[in-house]
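Subject: Structure for you to look at

Dear colleague,

I am handing over a structure that I would like you to open beside this message. Please look at it first, and then read my notes.

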Amino acid sequence: MLTIRDMVHSSATGITEKIRYTLPFFDRHAWICYMNPLKTGGIEVCFMKGRDLAGISPLLDQKDRKLVAGITITSTEDLESFEAFHVVLTEAIRLDELNRK
């Protein structure tokens with residue numbers, strides 16, 4: 001979980017982290033994403049504007065949610081998920097910046 005946290009913090013200036021609903025949330029101008037530990041192991045990084053990010057990566061899963069979509073990362077060796085996470089995170093930050101204006 002620390003590696004993902006580091007990736008989020010280093011992806012743009014001004015990102016803050018706060019515990020909400022017992023989960024770490026990351027925001028800049030608005031909520032960008034949060035980390036949800038899974039009972040089966042690993043974590044799901046959930047993006048608040050997941051619906052808008054849906055076409056970015058096939059690993060982004062909305063499940064039955066209307067707005068939020070996430071990427072499940074089961075281990076630090078899961079390079080495909082890490083690469084998808086980085087691409088989606090970059091786009092989520094870009095959307096956050098666009099919606100600020």
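The notes below go through the cores, the cavity and two single residues.

Please keep in mind that this is a predicted model, in which local features need pLDDT of at least 70 and side-chain atom pairs count only at pLDDT 80 or more, whereas totals for chains, interfaces and linings use all residues. Residues are numbered from 1 along each chain as its sequence is written, and side-chain values use heavy atoms, with hydrogens and water left out.

I begin with the nonpolar cores (a nonpolar core is a set of buried Ala, Val, Leu, Ile, Met, Phe, Trp, Tyr and Cys residues joined through side-chain atoms within 4.5 Å; buried means under 20% relative accessible area, with a 1.4 Å probe and protein chains only). The largest nonpolar core has 25 residues, of which Ile4, Val45, Phe47 and Phe85 touch the most other members. The elements that give two or more residues to this core are α1 (2–10), β3, β4 (43–47), β5 (69–73) and α3, and the largest share, eight residues, comes from α3; helices (H or I, at least four residues) and strands (E, at least two) are DSSP runs, numbered from the N terminus. Apart from this core lies another, of five residues, including Leu23, Phe25, Tyr34 and Val68.

If neighbours within four places in sequence are left aside, Ile4 is in contact (heavy atoms within 4.5 Å) with Met35, Ile43, Val45, Ile73, Phe82 and Phe85.

Next comes the lining of the largest cavity (on a 1 Å grid over the protein atoms alone, a cavity is a set of points where a 1.4 Å probe fits but cannot get out, and lining residues have an atom within 4 Å of a point). This lining is made by Ala30, Trp31, Ile32, Phe47, Met48, Lys49, Leu53, Ala92 and Asp96, and β3 (31–37) and α3 (79–100) are the elements that give two or more residues to it.

Two residues remain. Is Ser57 buried or exposed? Ser57 counts as buried because its relative accessibility is 7%, and its place is in the loop between α2 (50–53) and β5. Beyond four places in sequence, Ser57 is in contact with Ala84 and Val88.

Gly70 lies in strand β5 and, at 2% relative accessibility, also counts as buried. Not counting residues up to four places away in sequence, Gly70 touches Glu44, Val45, Cys46, Leu59, Leu60, Asp61 and Arg65.

With best wishes

Methods
On a 1 Å grid over the protein atoms alone, a cavity is a set of points where a 1.4 Å probe fits but cannot get out, and a pocket is an open set with protein on both sides within 12 Å along at least five of seven lines; lining residues have an atom within 4 Å of a point. Buried means under 20% relative accessible area, exposed over 50%, partly exposed in between (1.4 Å probe, protein chains only).
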